[in-house]
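Me: I would like to go through this model carefully, one question at a time, with each cut-off stated where it is needed.

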Amino acid sequence: MYQLYGHQNSGAAAIEAALELCEIPYRFIDVESSPESATALEKLNPLKQIPTLQLPDGSILTESAAILIHLGLAFPKSELLPEEPAERDQAVRGLAFIVSNCYAAVGVIDYPERWLAEADQASMDNLMAGARTRLHWSWEVFADQFSGELYLGDETPGALDVLAAVVSRWAGSREHLRNARPGFFAWLERIDRHPTLAPVFARHWPI
């Protein structure tokens with residue numbers, strides 16, 4: 001059985017949603033629920049980053065894009081990745097874009113002290129403001145480049161849809177996109193409402 005390490009309001013939501021789309025059994029381990037769970041995560045992933053996925057054979061996968069690509073290749077009927085090679089290439093490109101530009105910026109905003117030699121408040125505020133501006137601009141670029149690859153409501157959401165729907169929830173990105181790219185914002189909300197994904201998102205972001 002797959003074992004997914006994560007916690008509420010985290011990137012693990014994307015992997016949990018993907019596992020649901022694959023229709024395979026898994027166990028979600030909340031690393032905030034006990035010291036033992038956190039210790040177990042550290043043994044598997046020294047960076048203590050989530051999501052971390054333990055495969056049924058005991059091997060470990062980290063990095064959201066890598067996990068989503070693995071699931072898409074291992075379970076092709078899930079349609080997490082397109083079957084047609086050129087379309088699949090663009091989906092993988094989109095996953096890499098989100099991780100390297102958007103997810104990375106969120107990490108700077110959440111933990112500015114990690115990126116400063118001297119983390120005084122003024123420096124952290126300046127760094128967070130710059131990272132937020134860059135993040136919102138990156139989502140605009142993503143919307144312009146990849147909207148044609150996203151779920152339109154008459155097919156199964158893919159890995160790119162799932163990751164975009166999760167990572168765009170942080171650091172004011174949805175609020176920015178509502179005005180800057182309203183069409184893309186509407187696509188994200190459509191993904192949120194998908195009957196397989198909505199229960200996962202509700203667990204991570206309860207109203």
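**Domains, sheet and aromatic rings**

Me: How many residues of domain 1 are in contact with residues of domain 2?

Reply: This is a predicted model, in which local features need pLDDT of at least 70 and side-chain atom pairs count only at pLDDT 80 or more, whereas totals for chains, interfaces and linings use all residues. Residues are numbered from 1 along each chain as its sequence is written, and side-chain values use heavy atoms, with hydrogens and water left out. The domain assignment, which is automatic or from a database, gives domain 1 (2-78) and domain 2 (85-198), whose C-alpha centres lie 20 Å apart. With contact meaning heavy atoms within 4.5 Å, the residues involved number 14 in domain 2 and, in domain 1, 15.

Me: Which strands stand at the edges of the open sheet?

Reply: Helices (H or I, at least four residues) and strands (E, at least two) are DSSP runs numbered from the N terminus, and two strands pair if DSSP finds at least two bridges between them. Four strands form the open sheet, with mixed pairing and the order E2-E1-E3-E4. Each edge strand has a single partner strand, so one side of each is left without a neighbour in the sheet, and these strands are E2 (26-30) and E4 (60-62).

Me: By what angle are neighbouring strands of this sheet turned against each other on average?

Reply: Axes are lines fitted to C-alpha atoms, for helices over the stretch in contact, and angles run from 0 to 180 degrees between N-to-C directions. For the neighbouring strands of this sheet, however, direction is ignored, and the average turn is 20°.

Me: What is the bridge partner of Leu4 in E2?

Reply: Strand E1 (residues 2-6) and E2 run parallel and are joined by five bridges. Within this pairing Gly6 stands opposite Asp30, while the partner of Leu4 is Phe28.

Me: What angle does the direction of helix H3 make with that of E4?

Reply: Helix H1 (residues 12-22) packs on the sheet, where it touches E1, E2 and strand E3 (52-54), and its direction makes about 155° with that of E1. Helix H3 (residues 64-74) also packs on the sheet, touching E1, E3 and E4, and its angle to E4 is about 125°.

Me: Are the residues on the two faces of E1 buried or exposed?

Reply: Relative accessible area decides this, with under 20% counted as buried, over 50% as exposed and values in between as partly exposed (1.4 Å probe, protein chains only). One side of E1 carries Tyr2, Leu4 and Gly6 and the other Gln3 and Tyr5, and all of these are buried.

Me: At what angle do the ring planes of Phe97 and Phe146 lie?

Reply: Rings of Phe, Tyr and Trp (its six-membered ring) pair if their centres lie within 6.5 Å, with planes under 30 degrees apart called stacked, over 60 edge-to-face and the rest tilted. The structure holds nine aromatic pairs. For Phe97 and Phe146 the centres are 5.9 Å apart, and the pair counts as tilted because the planes lie at 55°.

Me: How many residues apart in sequence are the parts that Tyr103 and Trp170 tie together?

Reply: The rings of Tyr103 and Trp170 have their centres 5.6 Å apart and their planes at 45°, so this pair is tilted. Tyr103 lies in helix H4 and Trp170 in the loop between helix H6 (159-167) and helix H7 (173-180), so the separation of the parts, in residues, is 67.
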